[in-house]
Amino acid sequence: CSPHLISTLQAADLVKQNYKTISQIRKALSENRLKSLSRNAKIGVENYEDFNEKMDRDEVRQIGTIVIETCRETFPDAEMHIMGSYRRGSMQCGDVDVLITHPDYVESTPRGALGGLVDTLMARNHVSHHLTFLEGMRNSLGGLCGKDASKHLGKRNSTARNNDDKHSKFAGGGGGSEEDSTIPSMYEHYYGSQCYMGVFI
């Protein structure tokens, strides 16, 4: 379906079951006959034509600008750039890559910061589907919330650490399980970066 959303093993299994076209797969899903497909694979089937359609540079720029301007509302000191094939000068792009950095957070990422940005974009009807899940996504976990959404967040990042900057505008929005609710989220950051993938409208 889409190389990013369906594995080689899943594709091989579909062929074994004699599903060779997107219409056949869609029909089987509508009849509840393909329960083995992963959540992301089903999103790939639903958005098959969109995923295979290239965007021109103007559309990429429009999407990137929405992300950048939304991020800047809360994080005015962040530095943001549209990357990937757009930055390399391609006239047609398959996706939009936006790099967000901040001079005060070179080696760490504040917990909940990226998830909060995604939540805002979702609330404004810019995102239709999540392909990855992050802490801070309190209101847009694919229709899930609270403990029902915790299974999508994976393991707690073992590199979370305390940060001395108690007044950071990036602090907060931690989320997570009850056991870490006693730790103020404003002190917690991840070493390294975070990445989000979703379907932009």
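Me: How is the packing of two helices to be read, and which handedness does the crossing of H5 and H7 have?

Reply: Two packed helices are described by the angle between their axes and the distance between the axes. In this predicted model, the crossing of H5 and H7 is right-handed. The two helices pack at an angle of about 120 degrees, and their axes are 10 Å apart.

Me: Which residues of H5 and H7 make the contact?

Reply: On the H5 side, the contact is made by Ile-66, Val-67, Thr-70 and Cys-71. H7 contributes Leu-117, Thr-120 and Leu-121. By class, these residues divide into five nonpolar and two polar, with no charged residue in the contact of H5 with H7.

Me: How should a nonpolar core be read, and how many residues has the largest nonpolar core here?

Reply: In soluble globular proteins, nonpolar side chains tend to be buried together. Here the largest nonpolar core has 21 residues, and those with the most contacts inside it are Val-60, Cys-71 and Leu-117. Two or more residues of this core come from each of helix H5 (57-74), strand E2 (79-82) and helix H7 (113-123). There is also a second, separate core of 10 residues, which includes Ala-28, Leu-34, Leu-37 and Val-45.

Me: Which residues does Cys-71 touch, leaving aside those up to four places away in sequence?

Reply: With those sequence neighbours not counted, Cys-71 touches Ala-78, Met-80, Ile-100 and Leu-117. Cys-71 has a relative accessible area of 1% and is therefore classed as buried, the cut-off being under 20%.

Me: How are the cysteines to be read, and how many disulfides does the structure hold?

Reply: A disulfide is a covalent bond between the sulfur atoms of two cysteines. This structure holds zero disulfides. Cys-93, with a relative accessible area of 0%, is buried.

Me: Turning to the backbone, what is the sign of phi at Asn-32, and where is this residue found?

Reply: Asn-32 has a positive phi of about 60 degrees, although it is not a glycine. Asn-32 lies in the loop between helix H2 (22-30) and helix H3 (39-46).

Me: What is the phi of Asn-125, and is Asn-125 buried or exposed?

Reply: The phi of Asn-125 is positive as well, at about 65 degrees, and this residue is not a glycine. Asn-125 is found in the loop between H7 and strand E6 (127-130). Because its relative accessible area is 58%, and the cut-off for exposed is over 50%, Asn-125 counts as exposed.

Key
Residues are numbered from 1 along each chain as its sequence is written. This is a predicted model: local features need pLDDT of at least 70, side-chain atom pairs count only at pLDDT 80 or more; totals for chains, interfaces and linings use all residues. Side-chain values use heavy atoms; hydrogens and water are left out. A disulfide is a pair of cysteine sulfur atoms within 2.5 Å. Buried means under 20% relative accessible area, exposed over 50%, partly exposed in between (1.4 Å probe, protein chains only). A nonpolar core is a set of buried Ala, Val, Leu, Ile, Met, Phe, Trp, Tyr and Cys residues joined through side-chain atoms within 4.5 Å. Helices (H or I, at least four residues) and strands (E, at least two) are DSSP runs, numbered from the N terminus. Contact means heavy atoms within 4.5 Å. Axes are lines fitted to C-alpha atoms, for helices over the stretch in contact, and angles run from 0 to 180 degrees between N-to-C directions. A crossing is left-handed if the near helix is turned anticlockwise from the far one by less than a right angle, and right-handed if clockwise. Ala, Val, Leu, Ile, Met, Phe, Trp, Tyr, Cys and Pro count as nonpolar, Asp, Glu, Lys and Arg as charged, and the others, Gly among them, as polar.
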